[in-house]
Structures are given as C-alpha cells and as structure tokens.
Amino acid sequence: MASTTRRNFLALAGATLAGAAVSGCSIIEGAAETSSGSGPSKVDRPLKESRTLVAYFSMPETTDPNNMTEDEQNSTHIVGGEVLGNTQHVAQLIEGRLGADVFRIETAEKLPLDHGTLEDLALEQQEANGRPKLKALVPNLEEYDTVFIGYPIWWYDLPMPVYSFLEQHEFTGKTIVPFSVHGGSRLSGTVENITETLSGSTVISNAFTISRDDMDRAEAEVGDWLGSLG
Ligand SMILES: Cc1cc2nc3c(=O)[nH]c(=O)nc-3n(C[C@H](O)[C@H](O)[C@H](O)COP(=O)(O)O)c2cc1C
C-alpha cells in the first residue's frame, strides 16, 4: 500500500503543482530535520520545566475502524480501537511524554471526509491564499512559553487553517516547535513558512517529520526527537 500510494500522490501533486513542488520531495532517512528554518535546533530551557501547549490540526477521513478505504487508512492511525488522525496521534505522544496541555485546531465549517473533495477544497484555499474561519481560538495562550504546532503537509505547505491559527494568536516571545506528518514530501519548507509568519517568536529548526507509512514507529521516533531538543 505504502509506496504505491505515495507514488500516486506525488504524481498527482506534481501534475498539478509542477516541477518546483516535486523537487521538495526528496526522501531522507530519520525523523527530525535539523536544516529547516533559521532558528536554533534546541530549546533554551528543559521542556518539562516549560509551560507547554501542543496545538495541532489533523484530518482523519473516517471514524470507523472497519473496512477502511486506502485513502481512509492513509489519514488515520488506530490506537486501542480508536481512530486517530496521524498528526493527532503524534500530538498525543508528545502530550503524554511532556504532560503538556493540548489544543486541536478545527475549522468552523466541517471539512469534507471524501478524500478527493478534501484535496480540491484544500488546493482552492491555498490558491486563494485563504484563511478559513476557525471553530475556536486558544483562550489562554499567554500562559504558555512553548507551543508545539503540528500539521499534515497539504499541497506541499501548511494547511490553510494552520495559517489562520498562526495569524490569529499572539506568539511573540514564545518558543515554537513544529511537527508534521507527510505522504512523501517531508517538511516541504513549512518550518521556513512558520518562521516567516511568526517573526517575533523563536521557531526551532529541529522539527519532527514522519511519513504516514511509518506511524508504527512514531512513539520511538517522537521519544528520540524530544530527547534531542533539550
Ligand atoms: C488535502 C491533502 C493534501 C495533501 N498534500 C500532501 C503533500 O503535498 N505532500 C505530502 O507528502 N502529503 C500530502 N498529503 C498527505 C498527508 O500529509 C498525510 O496523509 C498525513 O498523514 C495526513 O495527516 P492527518 O491524518 O493528521 O490529517 C495530503 C493530504 C491531503 C488530505
């Protein structure tokens, strides 16, 4: 399933977004990427001593663990019989390790579960540089020093609701730690885009990325990565 699906996805994306996008798809081993963005690779105080929030966007395309289509499998990870989005799973691993608070970024309007319809909508939003309205904002962001921000790669970039989230909160002075799940194109310049958007924050360059095909390894990789941040 994995490599066929990835090839199909990349072929489709390449056809739509042309060569520049495809060049961002190199497959490099290892989870964390230290060469993304211009920020430091480590946090300046131990994460366990920091007031930490894990904010994430994730879009599992079903809630039913039975008889999943290939697209539904690609967007989900099952833990104890519960269907999670891939990024949601990584967020929960980070949350559990750090004892952090968690916030799920959701759009005001429900997104379509059908994969093709979701892809079309996401591309339309990106081409329009849209900022979809969010269901809620973090009511107490000022209480946190460090904010992990998690997202799936959508069309070689952040999903547009994540831009809404970044722009509609005050992150100045905070440490931002990006993490992501992808279908082949790794971080795709998203750390640079977050760094540019949050110019008053310290965005850690040592961001975490994992393929949706490697979710069984996520727990170990998240553990290693968190260890490398401090
Ligand atoms: C609208 C859309 C666009 C996507 N675009 C990309 C992409 O450009 N590159 C990539 O590697 N994966 C892409 N994917 C695959 C997702 O990044 C991948 O399936 C991820 O695991 C989904 O995470 P989630 O379950 O947390 O939503 C896309 C998925 C969707 C739904």
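Student: Over how many bridges does strand β3 pair with strand β4, and what makes that a pairing?

Tutor: Residues 76–79 of β3 and residues 82–85 of β4 are joined in the antiparallel sense over four bridges. Two strands pair if DSSP finds at least two bridges between them, so four bridges are enough. One of these links puts His77 opposite Leu84 in β4. Two residues lie between the strands of this hairpin, and Gly80 takes a positive phi near 55 degrees there.

Student: What kind of model is this, and how are its residues numbered?

Tutor: The model is predicted: local features need pLDDT of at least 70 and side-chain atom pairs count only at pLDDT 80 or more, while totals for chains, interfaces and linings use all residues. Numbering starts from 1 along each chain as its sequence is written.

Student: What makes a run of residues a helix or a strand here?

Tutor: Both are DSSP runs numbered from the N terminus: H or I over at least four residues for a helix, E over at least two for a strand. The protein has seven helices and nine strands by this count.

Student: Why is Ile149 called buried?

Tutor: Buried means that 20 or more other C-beta atoms lie within 10 Å of the residue's own; 12 or fewer means exposed, and values in between mean partly exposed, with C-beta atoms placed from the backbone. Ile149 has 27 C-beta neighbours inside 10 Å, so Ile149 is buried. Over the protein, buried residues make up 40% of the 230 residues.

Student: What does Ile149 touch?

Tutor: Ile149 lies in strand β6. Not counting residues up to four places away in sequence, Ile149 touches Ala55, Ile176, Pro178 and Ile194; contact means that two C-beta atoms, placed from the backbone, lie within 7 Å. Pro178 is 29 residues from Ile149 in sequence, yet the C-alpha atoms are 4.8 Å apart. Ile176, leaving aside neighbours within four places, has contacts that include Val147, Ile149, Phe171, Ile194 and Leu198.

Student: What makes a set of residues a nonpolar core, and which residues have the most contacts inside the largest one?

Tutor: The set must consist of buried Ala, Val, Leu, Ile, Met, Phe, Trp, Tyr and Cys residues joined through C-beta atoms within 7 Å. The largest such core has 46 residues, and Ala55, Val90, Ile94 and Ile176 have the most contacts inside it. Elements giving two or more residues to this core include β2 (52–56), β6, α5, α6 and α7 (218–229). In soluble globular proteins, nonpolar side chains tend to be buried together.

Student: How do you know that α5 is mostly covered?

Tutor: Seven of the eight residues of α5 are buried, among them Met160, Tyr163 and Phe165. The buried residues of α5 pack against β2, α4, β6 and α6. In α6 (residues 190–197), the buried residues are Thr190, Val191, Asn193, Ile194 and Thr195.

Student: How do you know that the span of α4 is close to the expected one?

Tutor: The expected span is 1.5 Å times one less than the number of residues. α4 has 13 residues, and from first C-alpha to last α4 reaches 18 Å, close to the 18 Å expected.

Student: What is notable about phi in Asn129, and why is Asn129 called exposed?

Tutor: Most residues other than glycine have a negative phi. Asn129 has a positive phi of about 50 degrees although Asn129 is not a glycine. Asn129 is in the loop between α4 and β6, and has 8 other C-beta atoms within 10 Å, so Asn129 is exposed. Asn67 also has a positive phi, near 50 degrees; Asn67 has 7 other C-beta atoms within 10 Å and is therefore exposed.

Student: Which residues come nearest to the ligand, and what makes a residue near?

Tutor: A residue is near a molecule or strand if its C-beta atom, placed from the backbone, lies within 6 Å of it. Of the 24 residues around the ligand, Ser58, Thr87, Pro152, Gly183 and Arg212 come nearest. α3 (86–98), α4 (115–127) and β7 are the elements giving two or more residues to this shell.

Student: What makes shell residues nonpolar, polar or charged, and how do they divide?

Tutor: Ala, Val, Leu, Ile, Met, Phe, Trp, Tyr, Cys and Pro count as nonpolar, Asp, Glu, Lys and Arg as charged, and the others, Gly among them, as polar. The shell divides into 11 nonpolar, 11 polar and two charged residues.

Student: Why is Pro152 called buried?

Tutor: Pro152 has 23 C-beta neighbours inside 10 Å, so Pro152 is buried. Leaving aside neighbours within four places, the contacts of Pro152 include Ser58 and Thr87.
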